[in-house]
Structures are given as structure tokens and as C-alpha cells.
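Dear colleague,

I am handing over to you the structure shown below. My findings follow it, beginning with the chain as a whole and then moving to single elements and residues.

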Amino acid sequence: MNKDIFLTNSLGNKKVKFTPINPKKIGMYVCGPTVYDNPHIGNARPLVVFDILFKVLKCKYGNNSVTYVRNITDIDDKIISSSIEKKISISDLTKKITDIFHDDCKYLNCENPTHEPKATENINLMVEMINTLIKNKFAYEKNKHVYFEVKKFKDYGRLSNKNLDELKAGNRIEISDLKKNSMDFVLWKPSSKEDPGWDSPWGRGRPGWHLECSVMSEKYLGKIFDI
């Protein structure tokens, strides 16, 4: 396959020729499902789109030249609420929905990703990243919660070509008196005795979903990767 590949770059919202950082080591990270309920048709779209891209990249650059990482989010407030509603344990719920998701992948003829990490398997790395963000003054702790301070990151919103006012108007914002700014988002939150939780410098708790993909993508692909 000698033809050039053109992809829309969200940074400038323009279609550009794809030039890999290293043609022998292409990295692609895709946000996988939050396994709280049965997958729906909207979940199928990214599966198919990125499966096709995975196959095209392998065809052009070689089967061993592409690393495709797609995570499983198996800790989230929606998962906790769903397990209570369905009256089953979180582990049983997440296993059941993950199995259904994998069956759907097979039905759609999607190839397995190179790696499929689970959020719960990487909590220690999430704690490390939060510590680094606090140390570098991009995050702050208040009442056992840790928040990312959006205004400290001057390029926040650049990838989606939106400024803070547009993001504030277009997104769901969790209201909390603990935040310095309404746009700040949670990196760590405390867990009750009944909810799943892990030990951390800020007490027993669990990560916010914004953080999870940052940690897992860096673990498998490094700080800089292609897609």
C-alpha cells in the first residue's frame, strides 16, 4: 500500500497527510467503554472507525509497526449506580458488560487491540500522576478531593478549537463549592465504605475518569504518540 493517508487533525480541524513520528512504531489510543450497561449503536461507531484505521495502518506500515491501545473503564460513578440498581456486585457487573462488549466486537469483525488495559489495574500510576500535577501546581487538594486547575493550563481547549467560555457553555459541569473555578475537574474523589476505593495521600478514594486515559496512554505509548 503506497498511497498517502490523509486524516483530519483536530488541532487545526484540517485534513492533512498522516506522517508518523516513527513509521516502525506508530501509536494509537482510543477511549474504550465505561462498562456500566449494555453497549449501544453509538458505541459501535468508534469501534468500526478505529478498527478500519488500525487495519489500514498495518497494511501500509506493517503488522508489527502499529500499537493500538483501547482501555476499559471499570471504575466510575455510573458503574457504582448501575450495580446498586441491578443489585449485583461491581465486579460481576463489569465482567458481564465487558464480555458483552467483546462479543459485539467479534460480531462487527473488529480485531483485538494490541493492549486493552483496565482502569482498576493502573490506580497506582494515577496516584503518581496526580502527585506530579500537584507538585507542578496544575492541581490542588481540598477536603480529600483533588481537582485539575484549568486556568493554569493556558492551552486548555486548543485540541477541540474551543476557548474556556465555549467549553463552559457546551459541557456538563459538576457543581462543587470545593472548586476554585467551575471548569476545574476532579482527579480524585473520596469513596464511602460501601464504594470501591484505594489508598492514596488524600485518603481512600477513586480516580476521576478524565485522568484515567492520560495514565494508560502514557504507560503503553509514552508521552507523545500519533493518534
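In the protein chain, residues 24 or more positions apart account for 69% of the contacts with a separation of 6 or more. Please keep in mind throughout that this is a predicted model.

**The chain as a whole**

The secondary structure of the protein chain comprises six helices and eight strands. Read from the N terminus on, the elements follow the order β-β-β-α-β-α-α-α-β-β-α-β-β-α. The C-alpha trace of the protein chain spans about 55 × 45 × 30 Å along its principal axes. A compact globule of 227 residues would have a radius of gyration near 17 Å, and the 19 Å found for the protein chain agrees with this. Of the 227 residues, 37% are buried. The chain exposes about 14000 Å², of which carbon and sulfur atoms supply 51%.

**Helix H3**

Helix H3 covers residues 90-107. Its 18 residues, at 1.5 Å a residue, should span 26 Å, and the C-alpha atoms at its ends are indeed 26 Å apart. Buried in H3 are Leu93, Thr94, Ile97, Thr98, Phe101 and Cys105. When H3 is viewed down its axis, these buried residues fall within an arc of 120°, and therefore they line one face of the helix. The cover over the buried residues of H3 includes helix H1 (41-61), strand S4 (66-70) and helix H2 (77-86). On the face of H3 turned away from the buried side, one finds the exposed residues Lys95, Lys106 and Tyr107. Just after H3, asparagine 109 adopts a positive phi of about 60°.

**Three residues in loops**

Serine 65 belongs to the loop between H1 and S4. Is serine 65 buried or exposed? Its relative accessibility is 11%, so serine 65 counts as buried, the cut-off being under 20%. A polar atom of the serine 65 side chain lies 2.9 Å from the backbone oxygen of tyrosine 61. Leaving aside residues up to four places away in sequence, serine 65 touches Pro23, Lys24, Lys25 and Ile26.

Asparagine 122 is located in the loop between H3 and helix H4 (123-135). With a relative accessibility of 1%, asparagine 122 also counts as buried. Which residues does asparagine 122 touch, not counting those up to four places away in sequence? They are Pro117, Val215, Met216 and Lys219.

Asparagine 181 has its place in the loop between helix H5 (164-170) and strand S7 (185-190). The side chain of asparagine 181 reaches the backbone nitrogen of methionine 183 at 2.9 Å. Asparagine 181 also touches Tyr140 and Lys151, again not counting residues up to four places away in sequence. Asparagine 181 and lysine 151 are 30 residues apart in sequence, while their C-alpha atoms are 8.3 Å apart in space.

**Where to begin**

When you open the structure, I would suggest starting with H3 and its buried residues, which line one face of the helix. From there, you may turn to H1, S4 and H2, which are among the elements that cover those residues. The loop between H1 and S4, where serine 65 lies, could come next. The loops that hold asparagine 122 and asparagine 181 would then complete the tour.

With kind regards

How values were computed. Residues are numbered from 1 along each chain as its sequence is written. This is a predicted model: local features need pLDDT of at least 70, side-chain atom pairs count only at pLDDT 80 or more; totals for chains, interfaces and linings use all residues. Side-chain values use heavy atoms; hydrogens and water are left out. Helices (H or I, at least four residues) and strands (E, at least two) are DSSP runs, numbered from the N terminus. The expected span of a helix is 1.5 Å times one less than its number of residues. Buried means under 20% relative accessible area, exposed over 50%, partly exposed in between (1.4 Å probe, protein chains only). The arc is that of the directions from the helix axis to the C-beta atoms. Contact means heavy atoms within 4.5 Å. The radius of gyration is taken over C-alpha atoms; the globule rule is 2.2 Å times the number of residues to the power 0.38. Accessible areas come from the Shrake-Rupley method with a 1.4 Å probe; for residues, only the protein chains shown count as cover. A polar contact is a pair of N or O atoms within 3.5 Å; within protein, one must be able to donate a hydrogen and the other to accept it, and residues adjacent in sequence count only if both atoms are side-chain atoms.
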